[in-house]
Amino acid sequence: MKYECIIIGGGIAGLQAAIQLGRYKHRVLVLDDNQGRSSICQSYHNILGYPNGVSGPYLREIGRAHGEQYGVHYQDERVVDIVYEEEEFIIYTRSNKQYRGMRLLLATGIMDHIPPYESLGPCLGLTVYVCPDCDGYEVKDKTTVVMGSGNTGANMALTLAYWTNSIIFVNDEKKEVYPQTYQQLEKLGIEVIEEKIAEVLAEDSSFRGVRLESGQVVEGERGFIAYGGNQVKSDLAAKLGVERLGNQHIITDGRSKMTNVPHVWAAGDVVAHSEQVTIAMGEGSQAAIWIHKSLIYR
């Protein structure tokens with residue numbers, strides 16, 4: 001089958017776009033490797049309609065089911081290459097399959113640099129967080145351990161001082177912190193520990209603190225991760241000549257979400273925006289609307 005639109009990325013932006021395009025009765029395929037941000041977040045707290053939070057895996061599950069009602073096709077595939085020839089995109093996957101489409105939406109997202117501590121996974125989104133705009137509120141007046149690296153971790157600690165005056169920054173990788181940043185930390189009474197973390201302490205999804213290599217236990221009610229080095233998944237876009245910023249985020253038209261390459265759109269966290277679920281949803285819908293227009297008015 002030749003699809004009218006292929007969406008690469010089955011996270012929040014891609015799923016929302018697929019629903020909208022499915023409602024337009026277009027032939028739509030979503031390719032996803034199930035490695036996105038939303039696949040590991042156990043709860044989002046700032047989404048309209050979910051005052052008690054909602055998990056990323058749940059949103060992905062109901063989003064896919066919603067799209068299937070409109071005939072959207074889904075394949076669990078990792079895309080490794082894309083070429084454009086004879087007015088169609090040819091998508092190549094790791095399993096040596098090919099898919100062809102007339103329009104392309106890149107919703108490949110980003111992936112946070114999350115250290116491989118065994119107890120961390122069940123806490124993500126519940127008692128350990130990565131985004132202060134999403135979840136700064138969740139550490140309000142709670143003892144919070146910032147697990148991070150150098151200036152990235154230090155700046156996260158400073159940001160969270162808006163919410164709590166009980167913050168401990170563990171410079172896990174012991175990278176440099178600028179002297180002026182240290183001064184700000186001291187001024188706010190933020191404790192800084194320059195030592196490697198040996199273990200994250202948790203009871204199921206409840207963060208309890210960290211154990212350092214020296215054996216010292218740093219107790220906390222909430223945790224934040226701030227190591228820097230997040231991966232913006234825009235390499236496929238670059239192969240097509242899509243324009244990116246220096247930080248590798250894709251540049252799109254603010255109105256249509258189209259990139260500089262004809263018939264290629266982008267939406268969600270791979271685009272330069274605030275990296276919010278609600279914005280990703282909006283961008284997915286917006287891109288879908290203009291993809292539809294391009295198909296019916298071609």
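These legends go with a set of close-up views of a predicted model.

**View 1. The second largest pocket, seen from its lining.**
Start with the open space here: the second largest pocket holds about 300 Å³. Its lining is made up of 17 residues, and Arg37, Asp112, Val130, Met156 and Asn230 are the ones closest to the centre. Several elements pitch in, with at least two lining residues each from helix H3 (132-135), helix H4 (150-160) and strand S15 (222-226). As for chemistry, the lining is a mix of seven nonpolar, six polar and four charged residues.

**View 2. Ser149 and the company it keeps.**
Look for Ser149 in the loop that runs between strand S9 (144-148) and helix H4. Is Ser149 buried or exposed? With a relative accessible area of 4%, Ser149 counts as buried, because the cut-off for that is under 20%. Its side chain has a polar partner, the side chain of Glu173, at 2.7 Å. Glu173 is also one of the residues that Ser149 touches once those up to four places away in sequence are set aside; the others are Phe169, Asn171, Lys175, Ala226 and Tyr227.

**View 3. Cysteines without a disulfide.**
If you go hunting for disulfides in this model, the count for the whole structure is zero. Take Cys41: the nearest cysteine sulfur belongs to Cys134 and sits 7.9 Å away, so Cys41 is in no disulfide, given that the two sulfurs would have to be within 2.5 Å. Cys41 is buried, at 14% relative accessibility. Now turn to Cys134, where the nearest cysteine sulfur is that of Cys131, at 3.0 Å, and again there is no disulfide. Cys134 is buried too, with a relative accessibility of 15%.

**View 4. Lys174 and Glu275, two residues with a positive phi.**
Most residues other than glycine have a negative phi. Lys174 is not a glycine, yet its phi is positive, at about 55°. You'll find Lys174 in the loop between strand S10 (167-171) and helix H5 (179-187), and its relative accessible area of 52% makes it exposed. Glu275 isn't a glycine either, and it has a positive phi of about 55°. This residue belongs to the loop that links strand S17 (264-266) and helix H7 (277-296). How exposed is Glu275? Glu275 is partly exposed, with a relative accessible area of 22%.

**View 5. Ile7 in strand S1.**
Strand S1 (residues 2-8) is home to Ile7. This isoleucine is buried, with a relative accessible area of 0%. Which residues does Ile7 contact, leaving aside neighbours within four places in sequence? The list runs through Gly14, Ala17, Ala18, Leu21, Val28, Leu29, Val30, Leu31, Leu105 and Ala107. For a sense of scale, Ile7 and Arg27 are 20 residues apart along the chain, and their C-alpha atoms are separated by 11 Å.

**View 6. His26 meets His292.**
His26 lies in the loop between helix H1 (12-23) and strand S2 (28-32). At 9% relative accessible area, His26 is buried. The thing to spot is a pair of histidines: a polar contact of 2.7 Å joins the side chains of His26 and His292. Beyond its neighbours within four places in sequence, His26 is in contact with Glu4, Leu21, Leu295 and Ile296 as well as His292.

Terms used. Residues are numbered from 1 along each chain as its sequence is written. This is a predicted model: local features need pLDDT of at least 70, side-chain atom pairs count only at pLDDT 80 or more; totals for chains, interfaces and linings use all residues. Side-chain values use heavy atoms; hydrogens and water are left out. On a 1 Å grid over the protein atoms alone, a cavity is a set of points where a 1.4 Å probe fits but cannot get out, and a pocket is an open set with protein on both sides within 12 Å along at least five of seven lines; lining residues have an atom within 4 Å of a point. Grid points are joined across faces, edges and corners, and a volume is the space filled by probe spheres set on the points. Helices (H or I, at least four residues) and strands (E, at least two) are DSSP runs, numbered from the N terminus. Ala, Val, Leu, Ile, Met, Phe, Trp, Tyr, Cys and Pro count as nonpolar, Asp, Glu, Lys and Arg as charged, and the others, Gly among them, as polar. Buried means under 20% relative accessible area, exposed over 50%, partly exposed in between (1.4 Å probe, protein chains only). A polar contact is a pair of N or O atoms within 3.5 Å; within protein, one must be able to donate a hydrogen and the other to accept it, and residues adjacent in sequence count only if both atoms are side-chain atoms. Contact means heavy atoms within 4.5 Å.
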